[in-house]
Amino acid sequence: MNKAPSTLLIALVGVMTSGAVLSYSLSSAGPEIIERVQITPGQLGGLASISFVSAAVTSFGLGRVADRVSIRAQFALIHLLTLTALVVAAFAQDYWMLCLAAVLVGPPLA
């Protein structure tokens, strides 16, 4: 039995965890986000729900895409969407921008 190279395992772990970074970031910085964006704790919790609903909805189509697109392109797309979501969340001035970031991070979660 051949073992996968450690660099491949590191790359796979990085891709698997990149989508969850936004949820963990919002959770850890929750009090600051609630104060800065003027949202309720319920709205902050709703962002996690939005990201998981986005993941569920997009997962139907992403299965077909994964069969047709190269692994390298999939890795790049996952990291690009995660980076975009993090940048949108970082510059968010209102709740709707945070919702957009939560929607964008759905496909990397899927």
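**Figure 1. Close-up of Gly46, a buried residue in a helix.** With a relative accessible area of 18%, Gly46 is buried; here, buried means under 20% relative accessible area, exposed means over 50%, and partly exposed lies in between (1.4 Å probe, protein chains only). Its home is helix H4, where helices (H or I, at least four residues) and strands (E, at least two) are DSSP runs numbered from the N terminus. Please keep in mind that this is a predicted model, in which local features need pLDDT of at least 70 and side-chain atom pairs count only at pLDDT 80 or more, while totals for chains, interfaces and linings use all residues. Residues are numbered from 1 along each chain as its sequence is written, and side-chain values use heavy atoms, leaving out hydrogens and water. If you look for Gly19 from here, you will find the C-alpha atoms of Gly46 and Gly19 17 Å apart, with their positions 27 residues apart in sequence.

**Figure 2. The protein as a setting for the close-ups.** Seven helices and zero strands are found in the protein, giving the pattern α-α-α-α-α-α-α along the sequence. Along the principal axes, the C-alpha atoms fill a box of roughly 55 × 30 × 20 Å. Of the 110 residues, 28% are buried. Contacts (heavy atoms within 4.5 Å) with a separation of 6 or more come, in 75% of cases, from residues 24 or more positions apart. The accessible surface is about 7200 Å², and carbon and sulfur atoms hold 70% of that surface; these areas come from the Shrake-Rupley method with a 1.4 Å probe. The mean positions of the 5 positive and 4 negative charges are 22 Å apart. For that count, Lys and Arg are positive and Asp and Glu negative, with His and the chain ends not counted; each charge is placed at NZ of Lys, CZ of Arg, CG of Asp or CD of Glu.

**Figure 3. The two sides of helix H2.** Helix H2 covers residues 21-28, and its buried residues are Leu22, Ser23 and Leu26. These three share a side of H2 because they span an arc of only 100 degrees around the axis, the arc being that of the directions from the helix axis to the C-beta atoms. An α-helix has 3.6 residues a turn, so residues three or four places apart point the same way. Which residues are exposed on the other side of H2? They are Tyr24 and Ser28. The cover over the buried residues of H2 includes helix H3 (30-37), helix H4 (41-68), helix H5 (71-90) and helix H6 (95-104).

**Figure 4. The largest nonpolar core.** A nonpolar core is a set of buried Ala, Val, Leu, Ile, Met, Phe, Trp, Tyr and Cys residues joined through side-chain atoms within 4.5 Å. The largest has 17 residues, and those touching the most other members are Leu22, Leu26, Ile33, Ile39, Leu44, Leu47 and Leu98. H2, H3, H4, H5 and H6 are the elements that give two or more residues to this core, with H6 giving the most, five residues. Setting aside residues up to four places away in sequence, Leu47 touches Leu26, Tyr95, Leu98, Cys99 and Ala102.

**Figure 5. Gln38, in the loop between H3 and H4.** Gln38 has a phi near 60 degrees, a positive value in a residue other than glycine. Most residues other than glycine have a negative phi. Is Gln38 buried or exposed? Gln38 is exposed, at 64% relative accessible area.

**Figure 6. Gly42, an exposed residue of helix H4.** Relative accessibility reaches 53% at Gly42, which therefore counts as exposed. Gly42 and Ser59 are 17 residues apart in sequence, and their C-alpha atoms are 26 Å apart in space.

**Figure 7. Thr82 and Val87 in helix H5.** Thr82 has 5% relative accessibility and so counts as buried. What does Thr82 touch, not counting residues up to four places away in sequence? Its partners are Ser18, Gly19 and Pro108. Val87, at 41% relative accessibility, counts as partly exposed. The C-alpha atoms of Val87 and Leu26 are separated by 13 Å, with the two residues 61 apart along the chain.
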